[in-house]
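Colleague: Please give me a close look at the part of this model that you consider worth describing residue by residue, and then follow the description outward to the elements around it. I should like one connected account rather than a list.

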Amino acid sequence: MPLEKPGQLHPSWQAMIGDELDKPYMQSLRFFLKQEKAAGKTIFPPSPLIFNAFNHTPFDRVRVVIIGQDPYHGQDKGQPQAHGLSFSVPEGVALPPSLLNIFKEIESDLGIKMRGKGDLTPWANQGVLLLNATLTVEMANAGSHQKRGWETFTDAAIAALNQYREGLVFVLWGSYAQKKGEIIDPKKHLVLKSVHPSPLSAHRGFFGNHQFSSINEYLKRRGEAPIDWQV
């Protein structure tokens, strides 16, 4: 399991939060995951992809952070929806409703046509950290790995970014992400908030929030290249 091999966490993140991997809460989390697998439970994302967000977006290359809650717990055509990036699904997997709404807002905000591919790896490779608060989940059991330790680990990642970087954009959709982002210093970073893109709430302020253009305008003001959001 990746958690027993800290080297599988990108070296830049290992340097910043690697100590977390040796703390008692992570030892307890490792034991929990071993027990779950021994009991025959299927865990998403697949083990090699648990740290996918960190490995595609090294610490010193992070420019934007989009905070999600849980990995997807379902499958499409026998393929897991989760692959270690918040809101993203592997190529060939049908778009989940929240991601579909994200794409609708991008099209409306930026006037670009999305191609219908749900793999957001191109965003991650441009410095968009697609970070779920919880990094694993049991198949077909939403929220099953919450409060097992992952939230403490991802809190440490956010705290390190907040403290040691400046001029980042933190995107907090929904009350859960906003609570998790309370530690972020808005004087050092741009903090964007709205309701969640879920169909249950998107019509209450996600559509029309123009956050994707706001991100790019902020990056350009800082002399950085804008994110190419088209996937």
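Modeller: I begin with Asn52, which is found in helix α3. The model is a predicted one, and every value below is to be read accordingly. Asn52 has a relative accessibility of 10% and therefore counts as buried, the limit for that class being under 20%. Its side chain reaches the backbone oxygen of His83 at 2.6 Å. When neighbours within four places in sequence are left aside, Asn52 is in contact with His83, Gly84 and Leu85. His83 thus appears both as a polar partner of the Asn52 side chain and in the list of its contacts.

The loop between β1 (43-44) and α3 (52-56) is the place of Pro45. The peptide bond from Phe44 to Pro45 is cis, and its omega is near -10°. As background, most peptide bonds are trans, and most residues other than glycine have a negative phi.

The positive phi angles can be taken next. Lys77 is not a glycine, yet it has a positive phi of about 55°. Lys77 is found in the loop between β3 and β4 (79-80). Its relative accessible area is 70%, so Lys77 is exposed. A further case is Lys147, also not a glycine, with a positive phi of about 60°. Lys147 has its place in the loop between β6 (137-138) and α6 (150-164), and its relative accessibility of 77% means that it counts as exposed.

Strand β3 (residues 75-76) contains Asp76. Because its relative accessibility is 19%, Asp76 counts as buried. A polar atom of the Asp76 side chain lies 2.9 Å from the backbone nitrogen of Ala94. Apart from neighbours within four places in sequence, Asp76 is in contact with Gly92, Val93 and Ala94.

Helix α4 (residues 97-110) comes next. α4 has 14 residues and reaches 20 Å from its first C-alpha to its last, close to the 20 Å expected at 1.5 Å a residue. Its buried residues are Ser98, Leu99, Asn101, Ile102, Phe103, Glu105, Ile106 and Asp109. These buried residues pack against α5 (121-124), β7 (169-173) and α8. After α4 comes Gly111, whose phi is positive, near 70°.

The packing of α4 with α8 can be described further. Two packed helices are described by the angle between their axes and the distance between the axes. The axes of α4 and α8 (residues 211-221) come within 8 Å and cross at roughly 60°, and α4 is therefore oblique to α8. On the α4 side the contact is made by Ile102, Glu105, Ile106, Asp109 and Leu110, and on the α8 side by Gln211, Phe212 and Ser213. By character, the residues of this contact divide into four nonpolar, two polar and two charged.

Within α8, the buried residues are Gln211, Phe212, Ser213, Ile215, Asn216, Tyr218 and Leu219. They pack against β2 (64-68), α4, α5, β7 and β8. α8 is followed by Gly223, and the phi of Gly223 is positive, near 80°.

Tyr218, one of the buried residues of α8, is also among the residues touched by Lys188. Lys188 has its place in the loop between α7 (174-180) and β8 (190-194), and its relative accessible area of 28% means that it is partly exposed. Not counting residues up to four places away in sequence, Lys188 touches Asn162, Gln163, Tyr164, Arg165, Glu166, Gly167, Leu168 and Tyr218. A polar atom of the Lys188 side chain lies 2.7 Å from the backbone oxygen of Asn162. The C-alpha atoms of Lys188 and Gln163 are separated by 9.0 Å, although the two residues are 25 apart along the chain.

Asn162 leads to helix α6, where it is one of the buried residues. The others listed as buried in α6 are Trp150, Glu151, Phe153, Thr154, Ala156, Ala157, Ile158, Ala160 and Leu161. The 15 residues of α6 should span 21 Å at 1.5 Å a residue, and the end C-alpha atoms are 21 Å apart, so the span agrees with expectation.

Definitions and conventions:
Residues numbered from 1 in each chain as written. Heavy atoms only, no water. Axes fitted to C-alpha atoms, helices over the stretch in contact; angles between N-to-C directions. Helix = DSSP H or I, 4+ residues; strand = E, 2+ residues; numbered from the N terminus. Parallel < 35°, antiparallel > 145°, perpendicular 65-115°, else oblique. Contact = heavy atoms within 4.5 Å. Nonpolar A, V, L, I, M, F, W, Y, C, P; charged D, E, K, R; others polar. Buried < 20%, exposed > 50% of the residue type's maximum accessible area, 1.4 Å probe, protein only. Polar contact = N/O pair within 3.5 Å; in protein donor to acceptor, adjacent residues only side chain to side chain. Expected span 1.5 Å × (residues − 1).
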